[in-house]
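User: I'm new to this one, so could you walk me through it slowly?
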Amino acid sequence: MLYDASRHEALTGAAWSDGAAKEQIERIAADLLAAFSPQDLWPNHPLDLDPSEADLPRANLYFGAGGVIWALERLKALGAITFEQDFGPTIATLPERSHVFTDEWGMGQTSWLMGETGLLLQHWQHDRSDAVADALYANVQANLHHPALESLLGSPGSMLAALFMAEASDDARWPALFRQAVQIVWDSMTFDAELGVWQWTQDLYGRKSQYLGAAHGVVGNVFPVLRGAHLLPPDLVQGYLERTVAILARTALRDAQGRVNWPTTPYAAQNGAKLPLVQDCHGAPGIICRLAGAPAHAELDELLSAAGELVWAAGPLIKGPGLCHGTAGNGYALLKLYRRSDDEQWLERARAFAMHAALQGEQMAAKYGRRRYTLWNGDPGLALFLQSCRDADAAFPTLDCF
C-alpha cells in the first residue's frame with residue numbers, strides 16, 4: 001500500500017456544477033466578511049488551536065488574518081465576489097501582530113507563510129511605500145541563511161517575496177536578491193553517497209531531518225526556482241531540475257498498477273515509518289503541485305502522471321477541504337496535471353474533488369457551528385479551489401500567484 005486508506009474516503013459522485021460552485025464561494029465569502037473584526041480579526045477554530053498557545057488573533061498567511069484577507073481580495077480580483085470592505089488599515093497592522101506567535105516559536109519572524117514576510121508584501125501591494133519595501137527587503141535578506149532550509153520557515157519560502165517584487169516593480173535589487181537566495185540554497189545541498197543523490201538537511205525546532213515534500217523538503221525548495229526561472233541562469237535551473245528528478249526517481253514507491261507516492265523522508269520506508277501521506281505538505285499531491293511548472297522532462301512527466309493516478313485512487317482526505325492536508329490541496333494536483341498535459345480527464349477529476357470538498361466544507365461548518373477561517377486549512381482555500389475549477393486554472397494560492 002502506498003497510502004493509509006483510513007485517511008481517505010470515497011467520492012460522493014456529485015456531478016460538477018458551475019452554479020453550485022459559484023453559490024458556495026459566495027456563501028463562504030459572505031460568512032468571512034460577516035465574521036471579521038478589525039480588533040479581533042477572525043475567531044480561531046478549535047482544530048487550529050494548540051493547547052500550549054493562547055487563543056489570540058492570528059495574523060499570518062498560513063492560518064491567520066493575512067491569508068483570509070488575501071483570499072477575499074483574490075476572489076474579488078477574479079470576479080467571483082464583490083464587497084466594499086477596505087482591509088488596508090488592518091493589513092498595515094498584521095506584520096507587527098504576527099510577532100505574538102513567532103516570538104514564542106523561536107524560529108524567527110521572517111518566514112513567508114508563518115511570519116511577517118508575506119504580510120509585508122501584502123502591505124506593500126496596498127500602499128506601494130518605499131518604507132514597507134525596505135522592511136520587506138531586510139526581512140528576505142535576514143532569512144537567507146535560515147537553518148530550516150525549507151519553504152515554510154526558511155529562505156526557499158521567503159525568496160518568493162523577492163520574486164514577486166521583482167515582477168511587480170522595476171527595482172533592480174529584487175531580482176538580484178532572488179538570484180542570491182537561489183544560489184545560497186543551491187550551495188546548501190549535500191551529496192548522499194548511500195542514495196547517490198543531492199538533498200538538503202532541515203534543522204527544524206532543534207531536530208534535523210531530510211524531507212522530500214512540499215512543506216519542508218526538496219520540492220518545496222525547488223518550486224521558487226522553477227517559478228522564477230525567467231530571472232535565473234538556465235544552467236542553474238536545469239541543475240536544480242536534474243537533481244530533483246534524480247532523488248524523486250530514487251525514492252519513488254510504486255504499486256502493482258504503477259502508481260507512485262513518496263515517503264516523508266528518503267529513509268522512512270526502511271526505518272519502519274507509517275504508510276506515506278497523500279496530501280499537499282507531504283506526498284504525491286504536493287510534489288505534483290510544486291513541480292508541474294517544470295520544463296518538459298520525460299522522466300518527470302512519467303512520475304507526475306503516476307503520482308496523479310495515486311491521488312485519484314486514494315480519493316478525498318477525511319480531514320476536510322483544506323489546502324495543506326485536505327481535499328482542495330489534492331484537487332490542485334489534478335488541476336496542475338490538466339494544465340501540464342491538456343488532458344481533460346484531469347480537469348474532470350479535479351472538479352469531482354471540488355464537489356466533494358464543497359460538501360465537506362458544509363458538513364464541518366454544521367458540526368462546529370462555524371466555518372474555519374484560515375487560508376491553508378479552511379474555507380478560504382476551499383473557495384479559491386472552487387474558483388480555480390470554474391476557471392480551469394491551476395494557480396496555487398500564495399505560491400503561483402500573490
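Analyst: Helices here are DSSP runs of H or I with at least four residues, strands are DSSP runs of E with at least two, and numbering goes from the N terminus. In those terms, Ala 14 is found in the segment before helix H1 (18-35). This is a predicted model, in which local features need pLDDT of at least 70 and side-chain atom pairs count only at pLDDT 80 or more, while totals for chains, interfaces and linings use all residues. Residues are numbered from 1 along each chain as its sequence is written, and side-chain values use heavy atoms, with hydrogens and water left out.

User: Is Ala 14 buried, exposed or partly exposed?
Analyst: Ala 14 has a relative accessible area of 39%, so it is partly exposed; buried means under 20%, exposed over 50%, and partly exposed in between, using a 1.4 Å probe and protein chains only. Its C-alpha atom is separated by 6.3 Å from that of Met 355, although the two residues are 341 residues apart along the chain.

User: And what does Ile 28 touch?
Analyst: Ile 28 is found in helix H1 and is buried, with a relative accessible area of 0%. Leaving aside residues up to four places away in sequence, Ile 28 touches Arg 371, Asp 379, Leu 382 and Ala 383, where contact means heavy atoms within 4.5 Å. The C-alpha atoms of Ile 28 and Gly 361 are separated by 9.2 Å, with their positions 333 residues apart along the chain.

User: Two of those contacts sound like H15 residues, so how do H14 and H15 cross?
Analyst: The axes of H14 and H15 come within 10 Å and cross at roughly 150°, where axes are lines fitted to C-alpha atoms, for helices over the stretch in contact, and angles run from 0 to 180 degrees between N-to-C directions. H14 and H15 are therefore roughly antiparallel to each other; angles over 145 degrees count as roughly antiparallel, under 35 as roughly parallel, 65 to 115 as roughly perpendicular and the rest as oblique. The contact is made by Leu 347, Ala 350, Arg 351, Phe 353, Ala 354, Ala 357, Ala 358 and Gly 361 of H14 and by Asp 379, Leu 382, Phe 385, Leu 386, Cys 389 and Arg 390 of H15. By class, this contact of H14 with H15 has ten nonpolar, one polar and three charged residues, with Ala, Val, Leu, Ile, Met, Phe, Trp, Tyr, Cys and Pro counted as nonpolar, Asp, Glu, Lys and Arg as charged, and the others, Gly among them, as polar.

User: What about H13 and H15, at what angle do they pack?
Analyst: Helix H13 (residues 327-341) and helix H15 (residues 379-391) pack at an angle of about 25°, with their axes 10 Å apart, and they are therefore roughly parallel to each other. On the H13 side Ala 328, Gly 331, Tyr 332 and Leu 335 take part, and they meet Gly 381, Leu 382, Leu 384, Phe 385, Ser 388 and Cys 389 in H15. The residues of the contact of H13 with H15 divide into seven nonpolar, three polar and no charged.

User: Where does Asp 342 sit?
Analyst: Asp 342 is found in the loop between H13 and helix H14 (344-368), and it is exposed, with a relative accessible area of 61%. Its phi is near 65°, a positive value in a residue other than glycine. Leu 41 also has a positive phi, near 60°, and it lies in the loop between H1 and helix H2 (65-77), but Leu 41 is buried, with a relative accessible area of 2%.

User: Changing topic, how many disulfides are there?
Analyst: A search of the whole structure finds zero disulfides, a disulfide being a pair of cysteine sulfur atoms within 2.5 Å. The sulfur of Cys 289 is 11 Å from the closest cysteine sulfur, in Cys 324, which is too far for a bond. Cys 401 is in no disulfide either, and the nearest cysteine sulfur, that of Cys 289, is 12 Å away. Cys 289 counts as buried at 3% relative accessibility, and Cys 401 is buried as well, at 10%.

User: Last one, why is H9 described as largely enclosed?
Analyst: Ten of the ten residues of helix H9 (residues 218-227) are buried, so H9 is largely enclosed by the rest of the structure. Its buried residues include Asn 221, Phe 223, Pro 224 and Arg 227. What covers them includes helix H7 (155-168), helix H8 (173-187), helix H10 (234-251) and helix H11 (284-291).
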